[in-house]
Amino acid sequence: MGTQKVVLIVGASRGIGRQIAIDLAKNGFAVVVAAKSSSDRTISNAAASAPFPPDPNSSDSTITTVAREVREAGGEATAIPVDVRDPASIRALVAKTVEVYGRLDALVYNAGAVWWASVEDTPLKRFRLMQQVNVEGLYATIEAALPHLKKGGTGRIVVVSPPIYSRFFRGKTAYAMGKVGMSVLTKGLAMDFERQGLKNMSITSIWPAVAIESAATQKLQKSDPSTARDLRKPTIFSDAVLAILRDTTPAASVNGLLALDEDFLRSDLGGRMADFSRYALVPGATPRRIMPKRLPDLTVEEQDDEGTRINSAASVPAKAKL
């Protein structure tokens, strides 16, 4: 088993996920780049004449090209395709990761399906897809990865999901049900870690405070170029993820945290950053913050009163849990 820390990034073929992979590799991680989209660009005749690296927000950017970018920059990367709607595919991904590197130290779940519309305009088929990719995919990935993350006793999980507040539900209820469910998983698993005495393990949710350039925003930019002034580069997000995963960041300080990238980087844990101008997509612009400045506290006065503990798993035979 090597000493280099290994991070599995699910949803890393383009955009924010790609940037996270590039920047974590630059900072010493071996990265496993996972998503549905792969390609043979690195070996085909067509790839030989194609621009490289491709537009990071286009379909030309795949786990294959991202892994190549990392390696050509001197980093360590492996591309493994996965369909997060299929638990067997997820288990194979985690097994292959451990087979290649002999360890798993961190997991970043960035896979996501998006549909913003009213309940009336959201077909059940679309709703189910979002729940499969967002909350179910996350749950299945954590289930498969957790035994390996716990081996070293210092595993960390980063989830791309938002703080919980009511305005987020407006106009995108079906989407919010899954994304908020991901944040509930962050809170609940963090409590599990505490109850189990796993003081050096953590799970953290992170979300952009300001809109970040992506394939979706590029469509808006084409129709209205002025929208670019309200966008940031994805490097702000990868910088926040890196700060969460640093050894110098105590696990207990980020366990169960539902953070915003800008606010985390402003904090003591994130390095007390004050100047965010470097992240503006348009130099000199001041992108509009889309998230609330203050978020609700989800705790209650009786927070530590669990009543009578019930563990349904304790009465289920081991074979039945599989």
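**Close-up 1. T249 sits in the loop between α8 (235–245) and α9 (251–254).** Everything in these legends comes from a predicted model. Is T249 buried or exposed? With a relative accessibility of 3%, T249 counts as buried. Which residues does T249 touch, once neighbours within four places in sequence are set aside? The contacts are R156, A243, I244, V254 and L269. One of these names, R156, will come back when we look at strand β5.

**Close-up 2. Seven strands build an open sheet.** Reading across the sheet, the order is β3-β2-β1-β4-β5-β6-β7, and the pairing is parallel. At the edges are β3 (76–81) and β7 (258–260), each of which pairs on one side only. Direction ignored, neighbouring strands here are turned by 20° against each other on average. As a reminder for your first look at a sheet, strands pair through backbone hydrogen bonds, and the pairing can be parallel or antiparallel.

**Close-up 3. Strands β4 and β5 run side by side in parallel.** How many bridges join β4 (residues 106–109) to β5 (residues 156–160)? Four bridges do so. To find one of them, start at A106, whose bridge partner in β5 is R156. This is the R156 that is in contact with T249.

**Close-up 4. Strand β2 is largely enclosed by the rest of the structure.** Why can we say this about β2? Six of its six residues are buried, so the strand is largely enclosed. Both faces of β2 are covered. On one side you will find A30, V32 and A34, and on the other V31, V33 and A35, all of them buried. Next, follow the pairing of β2 with β1 and with β3. β1 and β2 run parallel and are joined by five bridges, with I9 standing opposite V33. β2 and β3 also run parallel, joined by six bridges, and here V31 stands opposite A77.

**Close-up 5. Helices α1 and α3 lie against strands of the sheet.** Which strands does helix α1 (residues 15–26) touch as it packs on the sheet? They are β1 (6–10), β2 (30–35) and β4. The direction of α1 makes about 170° with that of β1. Together, β1, α1 and β2 make a right-handed β-α-β unit. Helix α3 (residues 63–72), in turn, lies across β2 and β3, and runs at about 175° to β3.

**Close-up 6. R68 and E72 form a salt bridge within helix α3.** The closest N and O atoms of R68 and E72 are 2.7 Å apart. Why are R68 and E72 separated by about one helical turn? The two residues are four residues apart in α3, so about one turn of the helix lies between them. R68 is partly exposed, at 22% relative accessible area, while E72 is exposed, at 54%.

**Close-up 7. More salt bridges to look for.** How many salt bridges does the structure hold? There are 13. One of them links R85 to D83, with the closest N and O atoms 3.0 Å apart, and R85 is partly exposed at 38% relative accessible area. Another brings together the side chains of R309 and E306, at 3.1 Å from N to O. R309 counts as exposed at 54% relative accessibility, and E306 as partly exposed at 39%. Salt bridges can also link up into a network, as they do for R232, E262, D263, R266 and R289.

**Close-up 8. W116 and Y175 form a tilted aromatic pair.** Five aromatic pairs turn up in a search of the whole structure. In the pair of W116 and Y175, the ring centres are 5.9 Å apart and the planes make 55°. W116 lies in the loop between β4 and α5 (124–151) and Y175 in helix α6 (residues 173–195), so this pair ties together parts that are 59 residues apart in sequence. W116 counts as exposed at 54% relative accessibility, whereas Y175 is buried at 6%. Both belong to a cluster in which ring pairs link W116, Y165, F168, Y175 and W207.

**Close-up 9. F276 and Y279 bring two more rings together.** Their ring centres are 6.3 Å apart and their planes lie at 40°, so the pair is tilted. Are these two residues buried or exposed? F276 is buried, with a relative accessible area of 8%, and Y279 is buried too, at 1%.

Key: Residues are numbered from 1 along each chain as its sequence is written. This is a predicted model: local features need pLDDT of at least 70, side-chain atom pairs count only at pLDDT 80 or more; totals for chains, interfaces and linings use all residues. Side-chain values use heavy atoms; hydrogens and water are left out. Two strands pair if DSSP finds at least two bridges between them. Axes are lines fitted to C-alpha atoms, for helices over the stretch in contact, and angles run from 0 to 180 degrees between N-to-C directions. Contact means heavy atoms within 4.5 Å. Buried means under 20% relative accessible area, exposed over 50%, partly exposed in between (1.4 Å probe, protein chains only). A crossover is right-handed if, with the strands pointing away from the viewer, the path from the first strand over the helix to the second runs clockwise. A salt bridge is a side-chain nitrogen of Lys or Arg within 4 Å of a carboxyl oxygen of Asp or Glu. Rings of Phe, Tyr and Trp (its six-membered ring) pair if their centres lie within 6.5 Å; planes under 30 degrees apart count as stacked, over 60 as edge-to-face and the rest as tilted.
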